[in-house]
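Student: I am new to this structure and would like to walk through it with you. Could we take a look together?

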Amino acid sequence: LSRSREAKTAATRQLDSELRRALLSERLAEEARCQAERNEDAAKCYAEELRVAASLLGQEAQSAANAARRANISEHFAAECQQEAEAAGKRASFVGNELAS
């Protein structure tokens, strides 16, 4: 009878130990699933932030290209104005010389 109780006690302890391990494994698996979901959510947020940043950088690059085009056009226009001013100066000088003679 004593051996039977000892065997039952040992079996009960073994079952308790296995149950605790199973519960712990289940808890750890649930925590791992939750962490994986958090990681996925964080990755989605980061990807969205990168998409927005890339879009903003694209807009800035387009604005810079437009500004460069405007500057080039302005520079070309300024050169034309300079040439016209020089030509007008020469004409004025010629007319002045003609009037003086």
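Student: Where is Ala-54 found?

Tutor: Happy to start there, with the reminder that this is a predicted model. The protein has one helix and zero strands. Ala-54 is found in that helix, named α1.

Student: Is the overall form spread out or a compact globule, and what is the radius of gyration?

Tutor: For 101 residues the globule rule gives 13 Å. The value for this protein is well over that, so the protein is more spread out than a compact globule. Its radius of gyration is 43 Å.

Student: What does the C-alpha trace span along its principal axes?

Tutor: This one goes nicely with the spread-out form we just discussed. Along the principal axes, the C-alpha trace spans about 145 × 10 × 10 Å.

Student: How far apart in space are Ala-54 and Glu-31?

Tutor: Let us begin with the sequence, where the two residues are 23 residues apart. Going from C-alpha to C-alpha, the distance in space between Ala-54 and Glu-31 is 34 Å.

Student: And how far apart in space are Lys-90 and Asn-72?

Tutor: Lys-90 is found in helix α1. Along the sequence, Lys-90 and Asn-72 are 18 residues apart. In space their C-alpha atoms are separated by 27 Å.

Student: What share of the residues counts as buried?

Tutor: To count as buried, a residue needs a relative accessible area under 20%. Ala-54, for example, has 47% and is partly exposed. Of the 101 residues of the protein, the share that counts as buried is 0%.

Student: Does Lys-90 count as buried or exposed?

Tutor: The cut-off for exposed is over 50% relative accessible area. Lys-90 has a relative accessibility of 62%, so Lys-90 counts as exposed.

Student: How much of the exposed area do carbon and sulfur atoms supply?

Tutor: In total, the protein exposes about 9100 Å². Of that area, carbon and sulfur atoms supply 58%.

Student: Which residues form a nonpolar patch on the surface?

Tutor: The patch has about 340 Å² of accessible area together. One of its members is Leu-99, which is found in helix α1, residues 2-100. Leu-99 counts as exposed because its relative accessibility is 70%. The residues of the patch are Phe-94, Val-95 and Leu-99.

Student: Now for the charges: how far apart do the centres of the positive and negative sets lie?

Tutor: There are 15 positive side chains and 17 negative ones. The centres of these two sets lie apart by 16 Å.

Student: How many salt bridges are there?

Tutor: A pair counts when a side-chain nitrogen of Lys or Arg lies within 4 Å of a carboxyl oxygen of Asp or Glu. By this rule, the number of salt bridges is three.

Student: Which residue forms a salt bridge with Glu-30?

Tutor: The partner lies in helix α1 like Glu-30, three residues away, about one turn of the helix. The closest N and O atoms of the pair are 2.7 Å apart. Glu-30 is partly exposed at 38%, and its partner is partly exposed at 46%. That partner is Arg-33.

Student: What is the N to O distance in the salt bridge of Lys-44 and Glu-40?

Tutor: Both residues lie in helix α1, four residues apart, about one turn of the helix. Lys-44 is exposed, at 53% relative accessible area, whereas Glu-40 counts as partly exposed at 44%. The N to O distance between their side chains is 3.5 Å.

Student: Which residue does Glu-48 form a salt bridge with?

Tutor: Glu-48 and its partner both lie in helix α1, three residues apart, about one turn of the helix. Glu-48 counts as partly exposed at 38%, and the partner also counts as partly exposed, at 49%. With the closest N and O atoms 2.7 Å apart, the partner of Glu-48 is Arg-51.

How values were computed: Residues numbered from 1 in each chain as written. Predicted model: local features only at pLDDT ≥ 70, side-chain atom pairs only at ≥ 80, totals over all residues. Heavy atoms only, no water. Helix = DSSP H or I, 4+ residues; strand = E, 2+ residues; numbered from the N terminus. Rg over C-alpha atoms; globule rule 2.2 N^0.38 Å. Buried < 20%, exposed > 50% of the residue type's maximum accessible area, 1.4 Å probe, protein only. Areas by Shrake-Rupley, 256 points an atom, 1.4 Å probe, with all protein chains shown as cover. Lys, Arg positive; Asp, Glu negative; His and termini not counted. Charge placed at Lys NZ, Arg CZ, Asp CG, Glu CD. Patch = residues over 30% accessible without salt bridge, like charges linked within 9 Å, V, L, I, M, F, W, Y side chains within 5 Å.
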